[in-house]
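Student: I have a model to go through and I want the reasoning behind each label. Can we take it step by step?

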Amino acid sequence: MADTSRFEQGMATRRSVLGDTYVDGATARKTPFDEDFQSFITEGAWGTVWSRPGLSKRERSMLTVALLAAMGHDEELAMHVRATANTGATPDDIKEALLHVAVYAGVPAANRAFRIAKEELAKRGGGDK
């Protein structure tokens, strides 16, 4: 059974970070097969972790970009680079996070992540920094 308040908080946070268009699309693609998973990530990731007061959305965004880059989760990385337009993380913030990836997770992971970030930032006119 879903925690209604945690779900509602998660959905509000998810929308503020990823944007209504993305969340509406994800919601529209939801099926009975993945409905429980969608509730889980909305409540857990967005309603619990992203909604905590300890870090700003900008800081959480930078951590998320670095972790996704280090783990090679390219689709999610691209999505979270796009989300930086909503979180306050700048192209320079992304660059600094990816430099950390190079040191702690390896140059190949950072190289791939820089390519993805440049592509996503160029789409919004911010990839030349």
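Student: Which exposed residues does the face of α6 turned away from its buried side carry?

Tutor: H100 and V103. This is a predicted model, so keep that in mind throughout. Exposed means over 50% relative accessible area, and both residues count as exposed.

Student: Which residues of α6 are called buried?

Tutor: D93, I94, A97, L98 and V101. The cut-off is under 20% relative accessible area.

Student: What puts these buried residues on the same side of α6?

Tutor: They cover an arc of only 130° around the axis, so they share one side of α6. An α-helix has 3.6 residues a turn, so residues three or four places apart point the same way.

Student: What covers that buried side?

Tutor: The cover includes α4 (57-71), α5 (74-87) and α7 (107-123).

Student: How do you know that the span of α6 agrees with its number of residues?

Tutor: Helix α6 takes in residues 91-105, 15 residues in total. At 1.5 Å a residue the expected span is 21 Å. The end C-alpha atoms are 20 Å apart, so the two values agree.

Student: What follows α6?

Tutor: G106, with a positive phi near 115°.

Student: What makes a set of residues a nonpolar core, and which members touch the most others in the largest one?

Tutor: The members must be buried nonpolar residues joined through side-chain atoms within 4.5 Å. The largest such core has 17 residues. V65, A69, L77, V81, I94, L98 and V101 touch the most other members. Helices α4, α5, α6 and α7 each supply at least two residues of this core. The most come from α7, with 6 residues. Apart from this core lies another, of 8 residues, including M11, V17, V23 and A83.

Student: Which residues does L98 touch, leaving out those up to four places away in sequence?

Tutor: V65, A69, A110, A113, F114 and A117. To touch here is to have heavy atoms within 4.5 Å.

Student: How many helices and strands does the protein chain have?

Tutor: It has 7 helices and 0 strands.

Student: Why is the protein chain called as compact as a globular protein of its length?

Tutor: Set the two numbers side by side. The radius of gyration is 15 Å, and the globule rule gives 14 Å for 129 residues. The values are close, so the protein chain is as compact as a globular protein of that length. Along its principal axes, the C-alpha trace spans about 45 × 30 × 25 Å.

Student: What share of the residues counts as buried?

Tutor: Of the 129 residues, 37%.

Note on methods:
Residues numbered from 1 in each chain as written. Predicted model: local features only at pLDDT ≥ 70, side-chain atom pairs only at ≥ 80, totals over all residues. Heavy atoms only, no water. Helix = DSSP H or I, 4+ residues; strand = E, 2+ residues; numbered from the N terminus. Expected span 1.5 Å × (residues − 1). Buried < 20%, exposed > 50% of the residue type's maximum accessible area, 1.4 Å probe, protein only. Arc of directions from axis to C-beta. Rg over C-alpha atoms; globule rule 2.2 N^0.38 Å.
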